[in-house]
Amino acid sequence: MQHGPAVRRRKLGAELRALRAGAGLTSGEAARLVGWHQSKVSRIETGASGVKPADVRLLLDAYGVTDSQLRELLLVLAGSDEGGGRHHWWHAYRGVLPPTYRDFISLESQASAMSTLETSVVPGLLQTPEYARAVTKAAVDGLDDERLHTLVEVRLARQDVLRAHPPLELSAVLDEAVLRREVGGPEVMARQLERLIEAARLPQVRLQVLPFSAGEHIGITGPFVIFSFSSTSDLDVVVLDHLTSSLYLERKEDLQAYTEAFNTLQIHALSPEDSLDYIAGLRDGV
């Protein structure tokens with residue numbers, strides 16, 4: 001269990017090591033190609049030290065890596081500010097967002113798929129502006145209006161991943177408590193339920209409700225997120241959110257355990273079609 005930056009270094013190093021091996025190079029040969037000492041390559045590959053985006057680019061060139069999507073992802077893991085569009089927009093908020101939140105957004109922006117269990121609130125990618133404002137105000141004490149507006153703005157900007165080409169594939173299981181909790185008042189909640197109905201009809205979104213009648217379940221200990229990457233499964237990661245930080249699980253056995261847990265939750269939840277009807281019934285007061 002690691003904090004985001006440590007996980008990113010380890011994952012980046014492991015991927016660079018695999019790419020070097022795939023290119024048929026020893027660490028010493030790779031070091032000579034880029035004009036470094038062998039120890040620097042070793043430290044990068046073990047995650048013992050950070051690496052600059054420019055250095056990652058040198059290594060990728062030396063290994064003959066031309067896959068633009070993979071290069072982009074690895075450069076983001078190295079903390080690159082380069083690029084445009086949705087991939088780097090959060091850097092404009094560097095002075096406002098804590099590092100752990102920036103790490104989360106960077107993974108979210110590059111992931112091909114996201115599976116999430118939510119037990120308290122609607123997932124950020126599906127929140128309306130009014131709902132996001134109410135949740136943010138409750139979660140972060142003492143916010144002035146300007147900072148509150150900025151954090152809500154960030155929350156809404158994150159939702160662009162669902163409209164990208166290709167879009168992020170989102171699978172969400174929502175505990176019934178998420179839908180029953182009246183955040184922001186009746187009118188705000190009614191609009192939020194309508195937004196969930198709209199989202200559930202999108203081809204890239206699979207939304208399921210886990211009803212109270214399901215009883216105790218494997219996710220009862222709290223929410224989690226699983227990020228998956230099309231370029232390489234070795235970068236997949238589980239994120240657990242806490243009040244003041246996020247923790248990242250990267251071991252294969254952890255990923256397998258949480259993936260199996262999410263699959264089990266999907267089995268016990270209502271089907272996407274029945275979930276849509278259930279949310280519509282709540283919206284209509286049925």
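These questions and answers walk through a predicted model, its sheet, one helix pair and two residues.

Reader: What makes the strands one sheet, and in which order do they stand?

Author: Pairing does. Two strands pair if there are at least two bridges between them. Six strands form an open sheet in the order S3-S2-S1-S4-S5-S6.

Reader: How do you know that S1 and S2 pair?

Author: Count the bridges. Six join S1 to S2, and the cut-off is at least two. The two strands therefore count as paired. They run parallel. Thr116 stands opposite Ala172 in S2.

Reader: What is on the other side of S2, in S3?

Author: Six bridges join S2 to strand S3, residues 205-210. These strands also run parallel. Leu170 has Val205 of S3 as its bridge partner.

Reader: What joins S1 to S4?

Author: Five bridges do, and here the strands run antiparallel. The bridge partner of Ala113 in S4 is Ser228. Thr116 has Val225 as its partner in S4.

Reader: How does S4 run relative to S5, parallel or antiparallel?

Author: Antiparallel, with three bridges between S4 and S5, residues 237-241. In S5, Val239 is the bridge partner of Val225.

Reader: Why is the pairing called mixed?

Author: Strands of a sheet pair either parallel or antiparallel. S1 and S2 run parallel, while S1 and S4 run antiparallel. The pairing of the sheet is therefore mixed.

Reader: What makes S3 and S6 edge strands?

Author: Each pairs on one side only. S6 covers residues 246-249. From one strand to the next, the twist averages 15°.

Reader: Why is S2 called mostly covered?

Author: Six of its seven residues are buried. Buried means under 20% relative accessible area. S4, residues 224-228, is mostly covered as well, with four of its five residues buried.

Reader: How do you know whether Glu118 is buried or exposed?

Author: Set its value against the cut-off. Glu118 has a relative accessible area of 15%. Buried means under 20%. Glu118 is therefore buried. This residue lies in strand S1.

Reader: What is in contact with Glu118, leaving aside its neighbours within four places in sequence?

Author: Pro123, Val173, Leu174, Asp175, Val178 and Pro223 are. Contact means heavy atoms within 4.5 Å. Glu118 and Pro223 are 105 residues apart in sequence. In space, their C-alpha atoms are 5.0 Å apart.

Reader: Why are H5 and H6 called roughly antiparallel?

Author: Look at the angle. The axes of H5, residues 68-77, and H6, residues 99-110, cross at roughly 175°. Angles over 145 degrees count as roughly antiparallel. The two helices are therefore roughly antiparallel to each other. Their axes come within 10 Å.

Reader: Which residues make the contact of H5 with H6?

Author: H5 gives Glu72, Leu73, Val76 and Leu77. H6 gives Ser106, Leu107 and Gln110. These residues divide into four nonpolar, two polar and one charged.

Reader: What makes the peptide bond from His165 to Pro166 cis?

Author: Its omega is near 0°. Most peptide bonds are trans. Pro166 has its place in the loop between helix H8, residues 145-158, and S2.

Key
Residues numbered from 1 in each chain as written. Predicted model: local features only at pLDDT ≥ 70, side-chain atom pairs only at ≥ 80, totals over all residues. Heavy atoms only, no water. Buried < 20%, exposed > 50% of the residue type's maximum accessible area, 1.4 Å probe, protein only. Axes fitted to C-alpha atoms, helices over the stretch in contact; angles between N-to-C directions. Parallel < 35°, antiparallel > 145°, perpendicular 65-115°, else oblique. Nonpolar A, V, L, I, M, F, W, Y, C, P; charged D, E, K, R; others polar.
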